[in-house]
Amino acid sequence: MKGLLETIIRGLGNGSVYALLALGFVIIYKATRVISFAQPALMLAGAVAVSYLAEVTGFYAAVILSALLIALVALGIERVAIRPMVGRPVFVVAIITLGIDVVVRVVVNAFIGRDVRQMGDPWGFTQVSLGPLVVQSRWLAMLLVTAVLVALLFAFFRYTKYGLAMRAAAFDQETALAQGVSVGMVFALSWGLAGFLAAIAGMFVGTGQGVEQLTWIIALKALPAIIVGGLDSLGGAVVGGLVVGVVESLFQSYQGEFAPWLGQNFAVVSPYVVMLIVLLVRPYGLFGTREVERV
Amino acid sequence: MTETTRSAAAPAAPDIPTGRSHRVRGRPLLYTSYAQDMALLDTRAKRVWTGLLVVLAFALTVLLQDRSLEVLATAYVMAIGAIGLNIVTGYAGQVSLGHAFFVAIGAYTAAALSGPVDGQRLGYGIAEIWIWLPAAGLVAAAAGVLVAPLATRLRGLYLAIVTLGLVFLGEHIFKEWQELTGGPGVGREAAVPQLFGVRLDQDGPLGTKEQLLYTLMLALLIVFAVAARNLARSRIGRAFAAVRDRDIAAEVIGVPLTRYKVLAFGISSFYAGCAGGLLYTISGYVEPGSFSLLMSVQFIAMVLIGGVATVSGSIAGALFITLLQPLTRSLPSLVPFVSGDTTQTPNVFQVETVLYGLLIVLFLIFEPRGLFGLWIRIRNYWKSWPFSY
């Protein structure tokens with residue numbers, strides 16, 4: 001029981017990182033109807049920026065500075081490569097983001113080099129005890145920070161002018177445009193927010209084990225998360241991220257004991273299995289809107 | 001729309017010529033029958049130039065050195081795979097990021113069938129290419145048909161992500177199934193190409209290993225390319241185009257969506273499986289880590305850079321992407337600041353990867369029809385020269 005609870009807390013910690021990434025995907029999707037495959041590169045860039053800046057400004061300032069920096073990079077990408085493609089098929093734009101991902105990652109990899117870069121974070125692998133449970137403090141930090149960010153984000157969408165503009169544009173772009181909402185600004189804002197969240201997620205991915213060239217693969221686990229939650233649901237992204245994290249963590253702890261025939265490292269691909277099962281039952285995810293087509 | 005209704009209706013209207021009628025001399029664009037309009041090589045120029053191109057391609061066997069032949073042979077196999085992806089993504093409009101998975105299935109089916117019986121890995125000792133090649137295609141096609149029910153339930157980007165998940169699951173399975181694949185980092189021997197008792201992967205009286213493989217791949221590419229062109233102008237191809245352009249409208253006019261989506265995935269996977277079986281005969285070695293997302297992205301890049309929903313475009317794209325590698329490898333001798341050493345920062349591998357990404361982005365923004373579109377533009381320019389319209 002104690003082991004199970006510790007496993008779940010580890011899963012929730014990792015899951016909250018996936019949730020941050022998934023939120024980025026969903027925000028961009030809601031604004032532009034495109035899945036941005038550039039998120040992994042932005043995440044990696046965020047982690048690397050933190051690892052360099054932390055040596056100069058200290059860890060916490062570095063996190064905020066790099067998140068803003070990556071948000072700027074995302075804004076630039078949106079302006080240069082995505083804005084000219086408005087009105088083109090979404091698949092084409094998605095593939096463009098795939099190309100951007102490849103390019104940005106090569107540049108970032110040049111900064112990583114061959115070694116593992118450390119974040120300089122205060123958590124490392126230190127453990128704290130929660131009553132009878134002993135868990136790593138970084139899982140708790142991830143959960144806490146994600147909870148705060150998600151609350152801020154939902155408040156932003158609910159109570160601010162720009163949040164309202166984004167919701168309106170997501171609901172119906174043309175009508176929003178007619179009401180005076182600058183849809184271009186909404187596109188830019190969504191990419192900026194996604195970049196910001198990806199950088200924070202990248203920093204958390206790098207805590208403890210550090211960041212290396214292959215770390216970008218972790219960001220792809222947010223894809224099953226958004227599919228499980230539903231592509232256009234912010235709440236779904238958070239739930240999906242946590243589900244994926246917990247499932248992965250459970251497989252990590254128990255699959256070797258109960259289902260060794262699935263092979264080593266099955267936990268790494270378990271999110272995709274969950275995604276397939278959810279899709280077979282609900283093709284639009286748990287909270288996604290069913291697509292209604294006008295014929 | 002079907003062949004039967006057309007020929008049945010023909011006697012009733014004698015004025016409308018059907019079947020193959022004579023072309024009017026000096027009027028290359030005047031079609032007097034449906035068959036002429038649909039012909040693959042409808043003008044004399046096309047017939048002549050295509051013939052010359054094929055002759056030249058075969059002549060390269062003796063003109064080029066073995067190393068270049070090896071690169072070209074790889075490019076031809078990749079072209080077969082790219083045509084396969086173009087069938088499902090270009091013609092039928094179903095986005096698939098899972099092409100590498102089907103390539104892997106083909107590669108391992110072929111390797112297992114033709115592998116040595118008493119070797120360390122699974123093998124059945126059937127080295128004849130005309131047995132293992134269709135088998136590799138069929139097993140991959142079966143996998144494609146199994147996946148297709150998901151495709152019929154999902155649309156657009158949901159499908160893209162699910163097929164992406166397929167690549168990860170496949171990578172896991174192939175890494176774990178060590179008696180088949182040899183496991184990561186170890187790998188196994190690839191399929192043995194043997195045609196009527198002649199080993200094509202060894203130097204023999206007919207030519208060197210590279211010459212034999214080059215000829216084999218070229219011949220197979222022509223077969224697969226012509227088959228795909230024919231498919232595209234058949235009833236099935238028209239149904240694919242209808243599904244791609246608007247699936248609901250297609251269903252309304254009586255195209256069974258499920259059947260054609262399953263068919264598209266099946267045929268595409270058949271091509272992928274055949275390409276997988278052939279691809280590794282050149283190096284003689286398969287490693288399960290090679291069937292990653294990167295391979296799927298490479299195929300996507302070939303289709304997009306070459307030209308969506310064109311067979312010649314897929315071939316051009318495959319040649320372009322595959323030849324990019326040897327070209328960038330020769331960069332250090334030309335451009336001083338690019339290094340051949342992987343530890344230095346602007347090195348050839350980075351340049352190569354950046355080029356992939358940039359080319360995809362630039363082509364999509366500036367020439368969405370890809371290399372095929374460039375060709376059309378150049379052709380039209382000279383057709384109407386010296387007038388610009």
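**Figure 1. No salt bridges turn up where chain B meets chain A.** In this predicted model, the rule finds zero salt bridges across the interface of the two chains. Polar contacts do show up there: the count is three residue pairs between chain B and chain A, with both partners at pLDDT 80 or more. Sorted by class, the side of chain B that touches chain A holds 23 nonpolar, nine polar and four charged residues.

**Figure 2. Chain B and chain A bury about 3700 Å² between them.** Of that buried area, 80% sits on carbon and sulfur atoms. On the chain B side, L157(B), Y158(B) and I161(B) lose the most area to chain A, and together they make up 20% of what that side buries. If you prefer to count residues, 36 from chain B are in contact with 49 from chain A.

**Figure 3. Helix 7 of chain B brings the largest share of the side that touches chain A.** That share comes to 10 residues. Helix 7 spans 156-176, and it is joined by helix 6 (129-153), helix 13 (293-306) and helix 16 (348-366) of chain B, each supplying at least two residues of the side facing chain A.

**Figure 4. L278(B) is buried in helix 12 of chain B.** Helix 12 covers residues 257-283. The relative accessible area of L278(B) is 0%, so this leucine counts as buried. Leaving aside residues up to four places away in sequence, L278(B) touches V77(B), I80(B), I129(B), W132(B), L133(B), L216(B), M217(B) and L220(B). Take I80(B) from that list: 198 residues separate it from L278(B) in sequence, yet their C-alpha atoms are 9.7 Å apart in space.

**Figure 5. S51(A) is a buried serine in helix 2 of chain A.** Helix 2 runs over residues 39-57, and S51(A) has a relative accessible area of 1%. A polar atom of the S51(A) side chain lies 2.7 Å from the backbone oxygen of V48(A). Further along the sequence, S51(A) touches R117(A), Q118(A) and M119(A).

**Figure 6. V268(A) is partly exposed in helix 11 of chain A.** This helix takes in residues 266-281. With a relative accessible area of 41%, V268(A) falls between the cut-offs of 20% and 50%, which means it counts as partly exposed. Not counting residues up to four places away in sequence, V268(A) touches K221(A) and E248(A). The C-alpha of I218(A), 50 residues away along the chain, is 9.1 Å from that of V268(A).

**Figure 7. Three spots with backbone geometry worth a look: R33(A), A309(B) and the W385(B)-P386(B) bond.** Most residues other than glycine have a negative phi, and most peptide bonds are trans. R33(A), though not a glycine, has a positive phi of about 65°. R33(A) sits in the loop between helix 1 (2-32) and helix 2 of chain A, and at 33% relative accessibility it is partly exposed. In chain B, A309(B) also has a positive phi, near 60°, and is found in the loop between helix 13 and helix 14 (311-329). The peptide bond joining W385(B) and P386(B) is cis, with omega about 10°; P386(B) lies in the segment after helix 17 (370-383) of chain B.

**Figure 8. Confidence along chain A.** The mean pLDDT of chain A is 87, with 99% of its residues at 70 or more. Among the elements of this chain, helix 8 (residues 183-206) has the highest mean pLDDT, 92, and strand 1 (residues 127-130) the lowest, 80.

Definitions and conventions:
Residues are numbered from 1 along each chain as its sequence is written. Chains are lettered from A and ligands numbered from 1 in the order in which they are written. Side-chain values use heavy atoms; hydrogens and water are left out. Contact means heavy atoms within 4.5 Å. Buried area is the accessible area (1.4 Å probe) that two parts lose on being put together, summed over both. A salt bridge is a side-chain nitrogen of Lys or Arg within 4 Å of a carboxyl oxygen of Asp or Glu. A polar contact is a pair of N or O atoms within 3.5 Å; within protein, one must be able to donate a hydrogen and the other to accept it, and residues adjacent in sequence count only if both atoms are side-chain atoms. Helices (H or I, at least four residues) and strands (E, at least two) are DSSP runs, numbered from the N terminus. Ala, Val, Leu, Ile, Met, Phe, Trp, Tyr, Cys and Pro count as nonpolar, Asp, Glu, Lys and Arg as charged, and the others, Gly among them, as polar. Buried means under 20% relative accessible area, exposed over 50%, partly exposed in between (1.4 Å probe, protein chains only). pLDDT is the predictor's confidence in each residue, from 0 to 100.
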